[in-house]
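Pull up the model and keep the sequence beside it. We'll walk through the empty spaces first, then the helices and a few single residues.

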Amino acid sequence: MKNHNLNNEPLGSASSLLPKSVQRANIGRLSIAQALAGANAVVIYATGAIVGNTLAPAPALATLPISIFVVGMAACIFPMGALARRYGRRAAFLAGAGAGVLTGVLAMLAVIAGSFWLFCLATFLGGSYAAVVLSFRFAAADGVEPSRRARALSLVMAGGVVAGVVGPQLVTWTMDIWPLYPFAPTFMAQAAVAAVSALILLGVKLPMPTAEELGGGRPLGLIARQPRFTAAATCGAVSYMLMNFLMTAAPLAMHLCGHSQASANLGLQWHVIAMYAPSFFTGHLITRFGAVRVAVAGLALTGLSAAVGLGGIGVMHFDGSLILLGLGWNFGFLGASALVLECHRPEEKTRVQSLNDFIVFGVMAIGSFSSGGLLSAYGWNTVLWVSFLPLVLAAIALALTVPKYKGLSV
């Protein structure tokens with residue numbers, strides 16, 4: 001028996017497009033959920049290294065909780081993708097939100113109990129939540145005509161602008177409420193925000209998986225060998241890895257340079273705003289100039305971010321570097337994501353998107369694990385210099401693959 005969309009018509013035909021009112025409602029709900037879930041991630045990035053430095057048995061392990069957060073993202077990509085393929089994306093969304101609630105509860109208990117490893121478990125679950133949240137961008141394109149998919153994708157990501165304001169302020173407002181256990185109330189507030197996100201996601205209406213999608217389509221190996229997929233995965237992985245690589249170390253680097261937690265929170269706030277604010281027009285840029293050019297611009301901005309960071313250790317240097325890093329991530333990651341949409345047929349979407357995100361987060365985990373050790377052993381400037389190597393590799397990959405992918409069809 002064939003699966004049907006909201007209009008009770010088989011998916012895969014022209015009639016599989018969702019009604020415009022449903023499309024708008026989905027984008028609105030996914031944008032709000034993106035904002036709330038993004039605030040959860042910001043809380044972990046703002047506090048993870050600081051709490052880790054307090055609880056860890058050795059200084060070199062201070063950023064391990066954030067690295068575990070990234071491992072959680074990579075480890076949960078395929079299970080959540082399988083859940084979405086079998087029961088629909090909304091089931092995966094709600095499972096992710098549940099993990100987000102557990103993240104806050106367990107992190108609060110870890111601070112109270114002084115347990116570093118319980119805190120790492122909490123951040124692992126936070127990573128699984130973040131992995132689901134990043135699939136919101138692809139979900140926004142479901143049931144939308146091809147010419148509007150890049151814009152739908154970018155509008156959902158624009159919800160992160162609110163996360164850039166709410167997340168750091170959530171930390172600032174709550175971190176000192178319970179002086180005996182700093183940040184414990186922050187994590188409880190984080191759990192509450194994840195619960196609200198789940199309520200928002202209940203109203204999302206997306207097409208259910210088709211029989212063809214359950215069948216899987218072409219082998220992943222064949223799809224992954226497409227030059228355009230190589231370009232998309234490379235750009236997405238480098239953009240996200242470097243964003244995480246530098247953002248993981250930045251709050252602790254500011255702390256070690258004598259800057260206040262409030263300054264670090266504010267710098268992180270501007271960084272997250274810069275990550276998501278361009279999303280209001282990135283879709284238009286992709287439509288006009290192409291996903292590849294937008295991705296290249298993102299890599300260039302990320303390189304400029306490292307250069308500004310090398311200029312000094314003042315608050316303005318950190319803030320400028322973090323802002324440029326956010327802009328670079330937006331162009332690089334959204335350009336790469338738009339390329340992914342060109343790499344699969346409708347029935348292959350969840351498998352191909354999951355593979356892409358697994359590659360992105362797997363590479364990102366490498367950067368995250370190395371960031372804390374490099375900062376601890378060699379300092380902030382070394383972290384910045386090392387970031388240029390992946391940029392060069394990404395530029396080479398684009399130069400080799402993009403000319404070959406033009407004119408090919410899925």
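How do the residues of the lining of the second largest pocket divide into nonpolar, polar and charged? They come out as six nonpolar, three polar and two charged, where Ala, Val, Leu, Ile, Met, Phe, Trp, Tyr, Cys and Pro count as nonpolar, Asp, Glu, Lys and Arg as charged, and the others, Gly among them, as polar. Before going further, a word on what you're looking at: this is a predicted model, in which local features need pLDDT of at least 70 and side-chain atom pairs count only at pLDDT 80 or more, while totals for chains, interfaces and linings use all residues. Residues are numbered from 1 along each chain as its sequence is written, and side-chain values use heavy atoms, with hydrogens and water left out.

Back to that pocket. A pocket here is an open set of points on a 1 Å grid over the protein atoms alone, with protein on both sides within 12 Å along at least five of seven lines; a cavity is a set where a 1.4 Å probe fits but cannot get out, and lining residues have an atom within 4 Å of a point. Points are joined across faces, edges and corners, and a volume is the space filled by probe spheres set on them. On those terms the second largest pocket holds about 240 Å³. Its lining consists of Pro 146, Ser 147, Arg 149, Ala 150, Ile 286, Thr 287, Gly 290, Ala 291, Ala 338, Leu 341 and Glu 342. Two elements give two or more residues to this lining, helix H6 (149-158) and helix H13 (279-289). Helices are DSSP runs (H or I, at least four residues), numbered from the N terminus.

Now for the enclosed spaces. There are four cavities of 30 Å³ or more. The largest has a volume of about 260 Å³. Of the 25 residues that line it, Gly 38, Ala 41, Ala 130, Tyr 240 and Tyr 276 lie nearest its centre. Helices supplying at least two residues each include H1 (20-55), H2 (64-87) and H11 (227-256), and H1 gives the most, with eight. By character, the lining of the largest cavity has 18 nonpolar residues, seven polar and no charged.

The second largest cavity, at about 170 Å³, has 16 lining residues, with Met 80, Gly 81, Arg 89, Ser 135 and Ser 354 nearest its centre. H2, H3, H4 and H16 each bring at least two residues to this lining, and H2 gives the most, with five. Here the split is nine nonpolar, five polar and two charged.

H3 (residues 89-113) is worth a look as a helix too. Its 25 residues reach 36 Å from first C-alpha to last, close to the 36 Å expected, the expected span being 1.5 Å times one less than the number of residues. Just after H3, Gly 114 takes a positive phi of about 70°. H14 agrees with its expected span as well, because its 19 residues should cover 27 Å and its end C-alpha atoms are 27 Å apart.

Which residues of H14 are buried? Buried means under 20% relative accessible area, exposed over 50%, and partly exposed in between (1.4 Å probe, protein chains only). The buried set includes Ala 291, Val 294, Ala 295, Gly 298, Leu 301, Thr 302 and Ser 305. An α-helix has 3.6 residues a turn, so residues three or four places apart point the same way. Ala 307 also sits in H14, but is partly exposed because its relative accessibility is 39%.

Over in H16 (residues 349-378) you'll find Asn 356, which is buried because its relative accessibility is just 2%. Beyond its neighbours within four places in sequence, Asn 356 is in contact (heavy atoms within 4.5 Å) with Arg 137, Phe 229, Ala 232, Ala 233 and Val 340.

Glu 145, in the loop between helix H5 (136-139) and H6, counts as buried because its relative accessibility is 17%. With the same sequence neighbours set aside, Glu 145 is in contact with Leu 17, Lys 20 and Gln 23.

Last, the cysteines. How many disulfides does a search of the whole structure find? Zero, taking a disulfide as a pair of cysteine sulfur atoms within 2.5 Å. Cys 76 can't bond because the closest cysteine sulfur, in Cys 120, is 15 Å from its own. Cys 76 is buried at 14% relative accessible area, whereas Cys 257 is partly exposed at 32%.
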